[in-house]
Each structure stands twice: as C-alpha cells, then as structure tokens.
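Reader: I would like to learn how to read a fold from its strands, sheets and core. Please take me through one case.

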Amino acid sequence: MADRRSFLQSALGIGAGLFASRAVAEPAKSSSSHVDQVAARGGYQGVSSGSLSKVDTHGGPIVTTPVITTDVGDLPYEMDGDVKVFRLTAHVFKQQIAPDKTIDVWGFNGSAPGPTIQVTQGDKVRVIFKNELPEASSLHWHGFEDQIGYDGMPGISQEPVKPGESFTYNFLIKQEGTYFYHSHMAMQELAGMLGAFVMHPELPYRPHCDRDFVIHLQEYAVLANSTTPNTMMMEFNWLLLNGKAGPASTPLIIRQGDRVRIRFVNLGMDHHPMHLHGHTFYVTGTEGGRIPETAWWPGNTVLVGVAQSRNVEFVADNPGDWMLHCHLPHHMMNQMASQAGPMTRMAGSPDGKGLRGDDSHGRLTARGQNGDDIKGMAMSDMKGMDMNASNARNDLSIPSAALGAGEQATAPDGPLANTQLDAGMMGMMKEQAKNGPKLSALQQRNLDAFDMGDESMKAQVSETSPNANNVPNFPQDAYMEGPMMNMDKLADKPENLGLRPNWSRFMQGMMTFVRVLPPEQYDEVVSAMHKANRRGDPYASLYTASAAVRRG
Ligand SMILES: [Cu+2]
C-alpha cells in the first residue's frame with residue numbers, strides 16, 4: 001500500500017519555483033479582501049471569467065489527489081522491484097445496475113466498468129491479463145504511446161488471448177492524463193469490458209484539485225424481463241454512470257469550496273452532453289492529456305464523444321445537491337421501451353388506468369402494428385378508430401390519443417375511467433402481492449420499499465390536472481414518475497444522507513448528484529460513509545490521513 005503515500009510524496013519542491021514568477025505578478029500579493037475572495041473561489045473573478053490557475057486555492061503543499069471512481073473503485077497493485085504489477089481478469093458475472101435490476105455483464109475483477117488503474121508518470125507498469133471469458137479477447141490501451149506489441153489488437157499486434165489464457169502487457173508511463181483500457185473486441189466492450197487508466201503527472205497539475213473523479217458513460221439495451229444486454233441494439237434503455245443508473249448512482253461528495261476535477265470517459269455507442277447544475281466549469285483535458293491553460297474553455301455542458309475523455313474543473317463554491325447528468329432527454333430515463341409494458345404513470349391519473357406507450361400515442365398496435373395486414377379491417381377494428389365506447393371498453397389496448405379527444409374517453413364508463421384497461425405497474429404489484437405467486441424475500445423487501453403510502457398517492461394526484469386525459473400528448477414527464485417510483489429506501493446509502501424525501505422519483509438514467517456540502521454537513525456525510533466500512537469503498541482515499549494532512 002505504498003500507492004497513496006507516493007501521491008503525497010510527489011509534493012512540489014521544483015514546481016513551487018516553476019510557478020513563482022507567476023505568483024509575483026499576481027495581485028494576490030496585496031492584502032485586499034477582494035483578492036482573498038477571488039483566491040477562495042479558485043483564482044477567478046465572478047463565476048466564469050479569467051484564469052483558473054493564477055491563484056492557488058490552498059496554502060498547503062501541492063500534491064496529486066488520487067481519483068475516485070464512484071461505484072467502481074481502484075485496481076490494487078503490488079510492487080515487483082520497481083515495477084507496479086496489476087492483475088486484470090475478464091469474466092462474466094451479475095451486476096446490479098438499478099434498484100431491482102440486475103444484469104449479466106462482461107467485466108473485470110467483478111466490476112463493469114473495470115476498476116480504475118492509477119499510475120504516475122515515470123512508473124514502470126505490468127498488467128497481467130487473464131481471460132476467463134468463453135471466447136478470445138485482448139486488451140487495448142487507449143491513447144498509449146507505447147510499443148506495438150502491447151497495443152492489444154487481436155490478430156494484428158498479438159495473438160488473441162484464448163479462454164483460460166493470460167497475456168502480460170508492459171508499459172513505461174511517459175504520458176499524463178485520462179486514458180482507458182478496453183477489450184478490442186468491440187462487442188465485448190459494449191458488454192462492459194472497459195476501464196479507466198489514469199496517469200498522474202510527475203509534477204502535479206496547477207491549480208491543485210481537492211477532489212478528482214472518474215465517471216464512465218455507458219448504455220445497455222436490456223428488455224424488462226431479461227438480464228442480458230443486447231449488444232446488437234442501436235437503442236438503449238439503461239443509461240449508466242459508473243455502472244449504475246439513477247437512483248442507484250452514487251453522488252459525488254464535495255466539501256463546499258473545494259476545487260473539483262471530473263474526468264468523463266465514454267466508451268459506448270452514443271455521444272453524451274454532460275451537464276452540471278449551479279456551476280461553471282472549464283474543460284481542462286481530453287483523452288490526449290492536459291490542455292494548455294490558454295485553451296481551456298468555460299461551460300456547463302461538455303459533449304463527451306465516443307472514445308473520448310473530457311476533464312472539467314470547477315470550484316464548488318455553491319452549496320446544494322446539484323444535478324450532473326447527460327442532457328439527452330432519453331438518457332435521463334430508465335427502462336424507456338414501449339414494449340416494457342404499461343408505463344408506470346397512468347394516463348388519466350388519478351382515475352384512469354395505464355396504457356402502453358404505443359397506445360397512448362395512438363399508434364396501431366397488436367392488430368395493426370408494424371406491417372400487420374390491416375387491409376380488410378373495418379375502421380372499428382383499428383385501435384383508435386373505434387368510437388363505440390361499449391366496444392372500446394372491452395378492448396385492452398385503446399389508444400388514448402384518439403380517444404382522449406372525445407368526452408367518452410373520460411366519462412365514468414369511458415375506456416380511460418373504467419377498469420377494463422391495463423392495471424399499470426402499481427396494480428400489477430398489488431395483485432402480485434395479494435393473489436400472485438409467492439414473492440421471494442428479495443421481491444417482498446423491494447415491494448415494501450416502494451412508497452405506496454397515502455401521502456405519496458396524494459402527491460401524485462396533486463401533480464396532475466383533473467382534465468389531464470383531454471390534453472394532447474399527456475402524459476409526458478409523468479410517464480416516468482409516480483409514487484411507486486419513490487425508491488429512496490432502495491437507494492439508501494450514506495452518500496444520500498439528507499437528500500430531499502422522494503428525490504429518487506426524479507433521478508434516473510445518466511443522472512447523479514454533485515453534492516456541494518457546507519463543512520458541517522460534509523463532515524456528517526463523510527463520517528457516515530467512513531463508519532459504513534464498506535469493502536472496496538471507492539471513497540476510501542477520502543478517509544486516509546493524507547486527506548487530513550493536506551487540509552492542515
Ligand atoms: Cu447521453
């Protein structure tokens with residue numbers, strides 16, 4: 001465990017001299033309180049102007065902060081002489097990606113994405129890769145300027161690594177920045193075989209960051225009652241940060257005033273515009289390493305393209321539980337597939353009953369969908385065309401859009417107000433609990449954890465207008481939200497301490513929190529995290545003495 005200490009040991013002697021001339025030119029030499037304020041914000045005036053590095057945020061030694069990969073953690077290493085030896089084993093296992101959703105992934109050492117490898121410029125590194133997959137594989141080291149023999153291209157730079165076999169990669173780390181490893185069998189990559197390889201600079205970056213995070217952007221296509229990601233799909237219904245979809249993703253815990261770096265890594269099929277609330281950040285690095293400071297650009301959204309990394313830095317001076325999320329609307333949802341069954345929110349809520357997504361958009365379904373022969377059908381046979389309420393009442397798949405235009409839809413015996421239509425998730429769950437097959441202990445626990453209490457029901461009613469059914473395109477956001485979507489208890493963990501009740505209703509897909517906590521609340525949350533004493537806790541470096549020393 002010499003690793004963490006070694007970060008500390010690279011404290012700047014030389015660097016201080018290097019930057020001295022800059023410091024002399026700084027107004028920070030004067031004692032004006034304005035300058036102090038600027039310094040406290042990380043050295044720039046206002047929120048989005050000026051340089052981020054002119055004034056050092058802290059008086060203490062400049063050191064490299066280890067990165068934290070939430071929900072993933074680090075790959076440990078051992079020393080063999082002066083070589084850092086890492087062991088990566090590819091295998092197939094189950095991973096929980098959301099409350100009540102566990103899937104089969106291909107990953108490394110029990111994690112998909114694989115654990116983060118952290119090294120320092122100048123290190124000699126050996127990675128022993130073992131393949132426990134049912135097929136050949138090899139690892140590519142994305143962005144490495146190293147020998148062709150260790151580039152990991154199967155059949156080109158090396159023999160494919162067969163099941164049960166191993167291959168050893170050797171590197172001399174000359175670069176610095178955010179790099180990756182991934183299977184160079186592209187479909188294996190989509191099943192989870194990717195990880196971060198962070199090369200810390202020999203000379204720590206200026207200005208110093210107190211927190212440094214890695215966030216992988218990932219997506220899977222897994223149908224509702226399946227556990228297998230379909231890597232051939234072009235559309236994805238599970239959007240993940242570090243292997244978890246909201247509300248299972250673990251927030252970034254930050255002390256107010258800290259300077260923060262986030263390294264986004266995208267090894268998926270889509271590009272993701274990552275957006276941070278409440279702060280302006282600077283883009284300070286790419287998958288090619290550090291950007292010269294003169295080329296940093298400010299923003300609150302950064303597009304992270306496939307095979308790219310984008311590093312952003314900001315001073316977290318604005319307290320709050322701020323959203324950090326991909327801004328593509330469909331990437332802020334879970335399980336959004338019309339074939340997944342009735343939407344969780346019922347059309348015509350509170351009195352209506354659920355419709356399938358296809359139906360509620362008035363598409364032809366079942367009898368007329370997707371090239372089914374609809375020639376010879378009477379108008380009244382087509383969904384949405386049947387204006388006869390008594391027939392419609394008995395039809396389990398009436399399109400609400402067509403019916404919603406008429407009063408009959410919401411009349412007391414109309415199709416949206418009667419009990420003829422799909423019961424919706426809540427109904428199904430209740431049914432299941434009462435009459436269905438006996439629930440497993442886990443299912444029962446999960447069912448109990450959903451908040452279906454009276455208060456939640458009232459909340460849902462109050463969030464929907466009484467004539468909602470008559471409004472074209474209802475429901476929209478209500479598709480995804482409802483009392484049964486409260487999963488606070490299922491997502492319970494110290495990092496979520498003090499979040500607003502019901503927060504989990506609104507946290508899905510590629511979403512997490514940047515929790516900028518005032519010192520007192522920060523200490524409370526971090527001490528709860530520490531106390532939880534979780535094996536392989538990705539936040540472990542937060543509790544070590546080095547963090548305390550640095551602060552002092
Ligand atoms: Cu996205």
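Reader: What percentage of the 552 residues in the protein chain do buried residues make up?

Author: First, a caution: this is a predicted model. Buried residues make up 43% of the chain's 552 residues. The chain holds 13 helices and 21 strands.

Reader: How much of the contacts with a separation of 6 or more comes from residues 24 or more positions apart?

Author: Such pairs account for 72% of those contacts.

Reader: Now the sheets. Which strands form the five-strand open sheet, and in what order?

Author: The general idea comes first. Strands of a sheet pair through backbone hydrogen bonds, either parallel or antiparallel. Here the order is β12-β21-β20-β14-β18, with mixed pairing. β12 and β18 (301-304) are the edge strands, each pairing on one side only. From one strand to the next, the twist averages 20°.

Reader: Which sense does each pairing of β21 have, parallel or antiparallel?

Author: Take its two partners in turn. With β12, the sense is parallel, over four bridges. I254 has V516 as its bridge partner in β21. With β20 (residues 320-326), the sense is antiparallel, over six bridges. There W322 stands opposite V514 of β21.

Reader: And how do β14 and β18 run?

Author: They run antiparallel, and four bridges join β18 to β14 (residues 272-276). One pair to find is P273 with its bridge partner L303 in β18.

Reader: How many residues of β21 are buried?

Author: Think of faces. In a regular strand the side chains alternate between the two faces of the sheet. In β21, seven of seven residues are buried. M511, F513, R515 and L517 lie on one side, and T512, V514 and V516 on the other; both faces are covered.

Reader: Which helix lies across β12 and β21?

Author: Helix α12 (residues 519-532) does. Its direction is at about 140° to β12.

Reader: Where does P251 lie?

Author: P251 sits in the loop between β11 (238-241) and β12 (252-255).

Reader: Why does P251 count as buried?

Author: Count neighbours. The cut-off is 20 or more other C-beta atoms within 10 Å. P251 has 22 C-beta neighbours inside that radius, so it counts as buried. Leaving out residues up to four places away in sequence, P251 touches E495, N496, T512, F513 and R515. T512, F513 and R515 are among the buried residues of β21. P251 and L324 are 73 residues apart in sequence, yet their C-alpha atoms are 9.0 Å apart.

Reader: Which residues touch the most other members of the largest nonpolar core?

Author: The general rule first. In soluble globular proteins, nonpolar side chains tend to be buried together. Here the largest nonpolar core has 87 residues. F180, F197, L217, W238, I254, F264 and M510 touch the most other members. I254 you have met already, paired with V516.

Reader: What is W238 in contact with, leaving aside neighbours within four places in sequence?

Author: W238 is in contact with I97, E219, Y220, V222, A245 and N334.

Reader: F197 is on that core list too. In which strand is F197 the bridge partner of I117?

Author: F197 belongs to β9 and is the bridge partner of I117 there. β9 (residues 194-200) pairs with β4 in the parallel sense, over five bridges. Both belong to a four-strand open sheet, ordered β4-β9-β8-β6, with mixed pairing. Its edge strands are β4 (114-120) and β6 (139-142). The twist in this sheet averages 20° from one strand to the next.

Terms used:
Residues numbered from 1 in each chain as written. Predicted model: local features only at pLDDT ≥ 70, side-chain atom pairs only at ≥ 80, totals over all residues. Pairing = 2+ DSSP bridges. Helix = DSSP H or I, 4+ residues; strand = E, 2+ residues; numbered from the N terminus. Axes fitted to C-alpha atoms, helices over the stretch in contact; angles between N-to-C directions. Buried ≥ 20, exposed ≤ 12 C-beta atoms within 10 Å, placed from the backbone. Contact = placed C-beta atoms within 7 Å. Core = buried A, V, L, I, M, F, W, Y, C linked by C-beta atoms within 7 Å.
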